[in-house]
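Hello,

I am passing a structure on to you, since you have not worked with it before. Please have a look at it first, and then read on below.

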Amino acid sequence: ISTFIVEIEEAEEFDVGTIYKKVGQAGSPLCELNFNDLFVPESALLGYENGGWKVLERTLVHSRTQIAALGLGITRRAYDLVEKYSHERQQFGKYLYEHQDYKDHMDVLARQVQILEHLVYRAALKEEAGDQYAFAWATLAKFVSGETAVDVAKDATLMHGGFGYIEDAVISRVFRDSAVVRIYEGAAHILKKILLKHEMPIALL
C-alpha cells in the first residue's frame with residue numbers, strides 16, 4: 001500500500017458522483033468522488049513506496065480517537081435525554097425518576113457514560129504523548145465507544161416508551177446516529193481481531 005497527496009488543478013479532473021441518503025447523521029453528507037483521467041506524479045508519493053500502512057496507522061490513531069469521542073457525545077446525549085424525560089413524564093402519580101427500577105436503569109446508563117469518558121480521554125492522552133500503545137488505545141476506545149453508544153441509545157429509546165419511536169423525537173435521531181459509530185474507521189468485528197494482535201500492559205488499563 002502506498003499513499004499519495006493528490007492535487008486537483010482542473011475542474012474536469014474531479015466530480016461528485018452519487019449522493020447517498022443515510023439512515024442517520026443527516027448533517028454529514030456522504031457521496032462518491034470520481035477522478036477523471038487524473039495524472040498522479042511519482043513526486044506525489046507520501047512517505048515511501050509501500051509505506052502506506054504506516055501513514056494509515058498514524059492517521060487511524062487520530063481518527064479512531066475522534067470517532068470514540070463522537071460515540072461518547074452520542075452516549076451522553078442519550079443519557080441526558082432520559083434524565084430530562086424522567087423529570088417530565090409521570091406514571092402512576094409519580095415522575096419516572098421516582099420509580100426505583102427506572103432510577104436503577106438510569107444509574108447503569110450513567111456508569112456507562114463515565115466509564116466510556118475515562119477510556120476516551122485516556123486514548124486521547126496516549127495519542128498526544130506519542131505513546132507506543134496509542135494505536136491499540138485508539139482502537140479499543142473506538143470499539144467500546146461504538147458498542148456503548150448503541151447500547152445506551154437503545155436503552156434510552158426504550159425508556160422513552162412509545163414516544164421514543166416517533167421519528168421526530170430527538171431520542172430516535174440519537175438512536176439512528178449511534179449505529180454508524182460501530183462501522184466507520186473500522187467495523188466492530190474487525191476491531192476485535194485487531195485488538196487481539198495488540199497486547200496492552202494490564203497495569204495501564
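Here is what I found in it, going from the whole protein down to one helix.

Please keep in mind that this is a predicted model. The protein has six strands and five helices. Read from the N terminus, their order is β-β-β-β-α-β-β-α-α-α-α. The radius of gyration is 21 Å, well over the 17 Å that the globule rule gives for 205 residues, so the protein is more spread out than a compact globule. Along its principal axes, the C-alpha trace spans about 75 × 45 × 25 Å.

Next, the contacts and the surface. Among contacts with a separation of 6 or more, 69% join residues 24 or more positions apart. Of the 205 residues, 36% count as buried. The accessible surface comes to about 13100 Å², and carbon and sulfur atoms hold 57% of that. As for charge, the protein has 22 positive and 30 negative charges, and the mean positions of the two sets lie 10 Å apart.

One helix is worth a visit: H3, residues 134-159. How many of the 26 residues of H3 are buried? The count is 21, so H3 is largely enclosed by the rest of the structure. Its length also works out: at 1.5 Å a residue, H3 should span 38 Å, and its end C-alpha atoms are 36 Å apart, which agrees. Just after H3 comes glycine 161, with a positive phi of about 65°.

Enjoy looking around, and write back with any questions.

Best wishes

Notes
Residues numbered from 1 in each chain as written. Predicted model: local features only at pLDDT ≥ 70, side-chain atom pairs only at ≥ 80, totals over all residues. Heavy atoms only, no water. Helix = DSSP H or I, 4+ residues; strand = E, 2+ residues; numbered from the N terminus. Rg over C-alpha atoms; globule rule 2.2 N^0.38 Å. Buried < 20%, exposed > 50% of the residue type's maximum accessible area, 1.4 Å probe, protein only. Contact = heavy atoms within 4.5 Å. Areas by Shrake-Rupley, 256 points an atom, 1.4 Å probe, with all protein chains shown as cover. Lys, Arg positive; Asp, Glu negative; His and termini not counted. Charge placed at Lys NZ, Arg CZ, Asp CG, Glu CD. Expected span 1.5 Å × (residues − 1).
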